[in-house]
Structures are given as structure tokens and as C-alpha cells.
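Visitor: I'd like to know how the labels on this one are earned. Can you take me through them?

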Amino acid sequence: MSDTPFGFGLPPEEPENGDEGKKKDQQSGGGQGPANPFGFGSLPGAGGFGGPGADNPLAAMFGSLNPTDLGAAFQQLGQMLSYEGGPVNWDMAKQIARQTVSQGTSDGTKDASVGPAERTAVQEAVRLADLWLDDATSLPSGAGSAVAWSRAEWVEATLPAWRELVDPVAERVGNAMGDVLPEEMQAMAGPLIGMMRSMGGAMFGTQIGQAVGVLAGEVVGSTDIGLPLGPAGKAALLPVNIEAFGKDLGVPKEEVRLYLALREAAHQRLFAHVPWLRSHLFGAVDGYARGIKVDTAKLEDVVGQFDPQNPEQLQDALQQGMFQPEDTPEQKAALARLETALALVEGWVDAVVHAAAKPRLGSADALRETLRRRRASGGPAEQTFATLIGLELRPRRLRDASRLWASLTDARGVDGRDALWAHPDMLPTATDLDDPDGFVHREQMDFSEWDKMLGEAADKPDLRKKDKGEADADGEDDGKGDGTE
């Protein structure tokens with residue numbers, strides 16, 4: 001996936017031997033053909049966008065298709081240009097994600113339907129994981145059911161959450177497309193603006209679909225990136241990805257599945273019993289989106305020079321950073337809030353799962369380190385956030401947060417540690433992650449004493465009346481004094 005927010009890929013490089021290389025590539029069926037502004041790769045039934053007439057965009061797109069495929073291609077193009085929905089064409093995103101999944105991953109692993117034996121294995125692993133977690137956390141089980149998903153099923157189940165995450169960011173860019181022209185000119189340029197918005201929605205949908213499709217080949221559950229992407233209360237694992245994940249680890253498949261089930265079940269407990277957490281995380285993304293600054297000067301140039309026959313201009317403008325985070329205190333606060341919250345979620349899960357697995361699984365340490373390195377080397381969370389919303393998480397925060405939660409367990413016990421999730425103001429901050437020992441040994445405010453004091457005050461109405469009477473008397477005396485002077 002691209003590291004550029006809403007990046008759409010670069011054109012393929014020219015062969016070193018010039019025209020001869022082009023001819024050889026066309027004859028052998030290799031290469032990518034010309035740059036495809038929409039990043040579709042290839043349409044259903046097509047052998048790619050290369051082939052005869054590659055210098056002509058329409059010939060490149062449709063020249064090698066038979067009549068049936070040509071009709072499907074025009075139908076898809078028509079759907080793209082006639083789109084009138086929100087900032088992202090989610091129908092197209094879903095289609096591209098499904099196509100990406102069907103192509104398999106780079107290691108040659110293909111998606112496959114989940115069989116009864118795999119479903120049963122996942123259900124038993126989640127059930128056992130919940131039993132182990134009972135000793136490691138005071139939060140009760142949050143998984144009402146356990147399911148095994150294929151990659152395609154993961155795409156279907158998580159798209160609503162992606163929509164909630166990505167729409168605020170895409171809307172900022174989409175709205176700017178219609179606001180760069182003076183108001184009196186917008187009516188005259190209505191069809192052009194509409195087409196630009198349709199194309200923008202299609203391009204966002206394409207990029208998001210590609211990102212989600214690639215991510216579907218990497219994740220092992222519904223909470224892999226630290227966010228609740230699936231339906232509430234449903235613990236989900238992907239057997240085909242678990243198989244690929246544990247392939248070269250030298251660890252029995254059952255232990256790998258169980259360890260990953262522990263992580264999924266721990267996430268489910270946290271999101272089920274900390275009701276403010278989901279809205280806190282998604283709200284931070286929305287706050288980040290509100291701070292995005294669109295380069296209207298660059299967009300005005302694009303609109304003024306826009307050629308409907310050359311739509312890659314719009315793509316190039318997006319790819320070259322048409323929007324960027326606004327350097328304001330609000331923007332920085334939103335980023336810090338999201339990064340810290342995600343680190344605390346992942347750190348808590350890491351600490352709790354390790355406490356539950358260490359006494360029971362001989363491979364617990366190895367699996368823990370593998371997952372940490374996976375995140376540190378740019379795992380699913382970092383890559384996806386960087387691609388979709390321009391946010392790159394800092395992997396070092398995970399280890400800091402995990403160390404802090406473990407220290408809290410030693411100092412305050414399981415109940416004292418988990419009690420911090422009662423309110424967002426009680427959680428460690430980014431500064432606390434830099435000094436976990438300072439936070440752990442900081443004197444805690446005893447809220448029970450506050451409750452006792454408030455209760456006693458509520459039970460003494462006469463005292464309140466007396467205080468009020470004395471205050472009134474003081475006020476009258478002051479008034480008389482003012483009058484006599």
C-alpha cells in the first residue's frame with residue numbers, strides 16, 4: 001500500500017530498451033500498460049490495460065476486450081461518472097476490495113471458504129481464551145459469539161467501520177472541489193463540478209478498496225489494528241491468514257490460533273465494557289479530519305485547467321499532497337489523542353494476553369515478540385492509517401504502554417489497573433508513556449472520599465440554609481453601609 005495519503009500509485013517505468021522493450025512486453029503479455037488514472041488494475045474479464053493502441057487511453061482500456069467485456073467496462077465507467085453519493089464511492093470500494101482479495105496475496109495464498117472444522121476450531125479457541133482471560137482482567141467476556149471469516153467476509157463485515165473512519169477525511173477534500181469557484185460561477189460549472197466529485201469519489205473508493213483488500217490478506221481478526229472494525233460482541237478470526245502467519249514460526253498451529261484468539265477476546269472485552277472508548281477513538285479521527293487544510297490554490301489551478309479527457313490531472317494533484325494536516329494546537333491534540341489511545345489499547349491487550357498465556361503456552365514469549373516486531377516493521381495498522389487518513393502511528397508507543405500497564409498491575413493489582421478505563425480523564429497521557437514509573441507511583445485521588453463529602457453535604461439542608469442566611473445578611477449590611485457613605 002502507498003505511504004502517501006490517498007496515493008494512487010506511480011506510472012510504470014519505461015523499459016530500458018525503449019520501443020523494442022514495449023513491443024516485447026506487449027507480445028509477451030507482460031507489463032502494466034499505460035498509467036491507469038483510476039488504479040483499477042484490470043476490469044473483470046480483461047487481461048489488463050496494455051495491448052494494441054496503448055497510446056490511446058480508450059483503446060488501452062477497451063481495445064483488447066470482447067463485446068461482452070466492453071459492455072461491462074462501459075457500464076462500470078458509467079457508474080463511476082454517475083455516482084452522486086457521499087465523498088467516497090463505497091460500492092466501488094467494495095468491488096475493488098473483493099477483486100483484490102480474489103487475486104490472492106503476494107506469497108501466492110488464495111482466499112478460501114471456511115469449512116466446518118475450522119469454524120469449530122475457532123469457536124473452541126475463543127471459548128478457551130475467555131476462560132484464561134478471567135484470571136488476567138476484571139473485565140468480563142465481551143464476545144457473545146465467535147466466528148471464522150474468509151478474507152472476503154472480513155471485507156464485507158468491516159466496510160461500515162471503514163466508512164465511518166474515512167468519510168470525514170474524504171469529505172474535506174470532496175467539498176473543496178466544489179468550493180474553489182466563485183459562487184456565481186458554480187451554477188454555470190455545475191456539470192463539471194459534479195463530474196469532478198464523482199471522479200473524486202471513484203478514486204477515493206478505488207484507493208480505499210485496494211487498501212482494505214490488501215489488509216484483508218494480512219489481518220488475523222476483527223481488531224488487528226486496535227479498532228473495533230467488526231460487529232459488536234462478535235469475536236472473529238481468519239483461519240487462512242492465521243495459517244500464513246504461523247507458517248515459518250515453528251510453533252504448533254493450535255498454539256498460534258489460541259494466542260491470536262486471546263488477543264481477539266481481550267479486545268472484545270475492552271470495547272464491550274468501556275462504552276466511551278469506541279466513540280473516543282473514532283471522534284479523534286473526526287477531529288483530525290476537521291483540521292485538514294486543503295491547498296485551494298493548487299485545486300483552483302487544477303479546476304481551471306481540467307480536461308475531461310485527461311482525468312489523471314486530478315489524480316496527480318491528489319497524489320502530490322493537495323491536502324495536509326494543519327499545524328494548529330487542535331490538530332496536534334487530535335493526533336496525539338488518537339495515537340495515545342490506540343497505544344493504550346494495544347498495550348493493555350499485550351500485557352493482559354501475556355499474563356494469561358505465559359503460564360500456559362510455552363510459545364507465549366516467541367509469539368508476543370513476533371507480533372511486536374510485526375507492528376514495529378510497519379504492520380497493518382501503520383500502513384492502513386498512513387494510506388487512508390495520513391496518520392502514521394509510532395510503533396515505540398506500544399512497548400511503552402505495555403510496560404506501563406504491567407507496572408500498574410504490580411503496583412495496584414488487576415482491579416486497580418482496569419479501573420482506569422472508567423473515564424478517559426483517568427487514563428495515562430502521552431507524557432505518562434514517557435515516564436511510566438512516575439504515573440504508576442503517583443498518588444491516586446480517592447474518589448470515595450469525595451463521594452462521602454458530597455453525601456454528607458447533601459444530608460445537611462439546615463447548614464446550607466444557615467450559610468445562605470449569613471450570606472444574605474452580609475449583603476444587606478454592605479448595602480446599608482454603601483448608602484450611608
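**How the labels are earned**

Guide: Let's start with Glu346, which is buried at a relative accessible area of 4%. This is a predicted model, where local features need pLDDT of at least 70, side-chain atom pairs count only at pLDDT 80 or more, and totals for chains, interfaces and linings use all residues. Residues are numbered from 1 along each chain as its sequence is written, and side-chain values use heavy atoms, leaving out hydrogens and water.

Visitor: Why is Glu346 called buried?

Guide: Buried means under 20% relative accessible area, exposed over 50%, and partly exposed in between (1.4 Å probe, protein chains only). Glu346 has 4%, so the label buried fits.

Visitor: What makes Glu346 and Arg263 a salt bridge?

Guide: The rule asks for a side-chain nitrogen of Lys or Arg within 4 Å of a carboxyl oxygen of Asp or Glu. Here the closest N and O atoms are 3.2 Å apart, so the pair qualifies. Glu346 sits in helix α14 and Arg263 in helix α10, so the pair ties together parts 83 residues apart in sequence. Helices are DSSP runs (H or I, at least four residues), numbered from the N terminus.

Visitor: Why is Arg263 counted as buried?

Guide: Its relative accessibility is 12%, so Arg263 falls under the 20% limit.

Visitor: How do you know that the span of α10 agrees with what is expected?

Guide: The expected span is 1.5 Å times one less than the number of residues. For the 21 residues of α10 (253–273) that should be 30 Å, and the end C-alpha atoms are 30 Å apart, so the two agree.

Conventions:
Helix = DSSP H or I, 4+ residues; strand = E, 2+ residues; numbered from the N terminus.
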